[in-house]
Amino acid sequence: MALIGYQRKSERKNGGIRTVGLTEASNIASIEYSKDDRAFFEITLVNGQKFTKYEFREDEAEYKETISLSNHSPIVTHELTFMLDKMGYEASASVESMLNTTLGGLVALVRTTNDEIFLVGYSLLFEKERPLRIASVTATTGKQLRDETTETITLRSIDTNMALPFVGDIDALF
């Protein structure tokens with residue numbers, strides 16, 4: 001079976017993730033948006049802060065965007081789910097750090113397996129008011145999928161906007 005002439009719609013970004021950069025919402029000094037390109041093009045972080053970079057193998061991380069209506073207004077839910085290998089000190093330290101920082105919220109710069117790059121957890125309309133927060137943390141304790149034990153983290157944000165693309169140099173932000 002072949003799909004001929006198929007193009008993924010740019011406004012829907014559900015699917016696998018290659019890289020996620022996370023930073024606290026309070027680390028964002030400013031974000032520039034181009035109405036002509038309909039994309040973010042520059043992110044300035046406070047005092048030289050960086051995004052913490054997480055890279056994933058196939059099927060270890062996923063982005064899901066769902067749209068529902070509430071009182072005739074669209075509600076967009078952004079959800080990042082990713083797995084940390086080898087549950088233990090390193091993974092636990094990452095989870096603990098995320099739990100502490102998600103109280104104020106996180107902003108994620110996401111690169112999909114199709115090399116689409118977009119920002120999640122930041123709203124143009126509400127500025128910093130729609131960050132990601134931890135929705136769940138699940139740990140496997142046996143050999144369910146692989147030999148290593150893992151922790152799966154789900155971050156969620158509810159917004160009225162779609163995740164918007166980013167066209168700047170993301171490698172400089174990590």
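**A tour of the salt bridges, starting from strand β2**

Begin by selecting A29, which has its place in strand β2, residues 28-34. The model on screen is a predicted one, and in it A29 is partly exposed, with a relative accessible area of 45%. Add N47 to the selection and draw the C-alpha to C-alpha distance: these two residues are 18 apart in sequence and 8.8 Å apart in space.

Before going further, colour the chain by confidence. The protein has a mean pLDDT of 76, and 74% of its residues reach 70 or more. Residues 1-11, however, have pLDDT below 50, and beyond near neighbours in sequence this stretch makes eight contacts in the model. Where pLDDT is low, the predicted coordinates should not be read in detail.

Turn next to the charged side chains, among which the count comes to five salt bridges. Select D115 and R18, whose closest N and O atoms are 2.5 Å apart in a salt bridge. This pair links distant parts of the chain, since D115 sits in the loop between β7 (106-112) and β8 (117-120), while R18 belongs to strand β1 (residues 15-24), 97 residues apart. D115 is partly exposed at a relative accessible area of 45%, and R18 also counts as partly exposed, with 33% relative accessibility.

Move on to E60 and R57, and show both side chains, which meet in a salt bridge with an N to O distance of 2.8 Å. Which partner here is buried, and which is partly exposed? E60 is buried, because its relative accessible area of 8% falls under the 20% limit, whereas R57, at 47% relative accessibility, counts as partly exposed.

For the next stop, select K64 together with E79, a salt bridge in which the closest N and O atoms lie 3.8 Å apart. K64 is in strand β5 (residues 61-70) and E79 in strand β6 (residues 73-84), so the pair ties together parts of the chain that are 15 residues apart in sequence. With a surface displayed, K64 counts as partly exposed at 38% relative accessibility, while E79, at 14%, counts as buried. Keep both residues selected and add R156, for salt bridges that share partners join K64, E79 and R156 into one network.

To close the tour, show D115 with R18 once more beside K64 with E79: the former pair links a loop to strand β1, and the latter ties strand β5 to strand β6.

Terms used: Residues numbered from 1 in each chain as written. Predicted model: local features only at pLDDT ≥ 70, side-chain atom pairs only at ≥ 80, totals over all residues. Heavy atoms only, no water. pLDDT = per-residue confidence, 0-100. Contact = heavy atoms within 4.5 Å. Salt bridge = Lys/Arg side-chain N within 4 Å of Asp/Glu carboxyl O. Helix = DSSP H or I, 4+ residues; strand = E, 2+ residues; numbered from the N terminus. Buried < 20%, exposed > 50% of the residue type's maximum accessible area, 1.4 Å probe, protein only.
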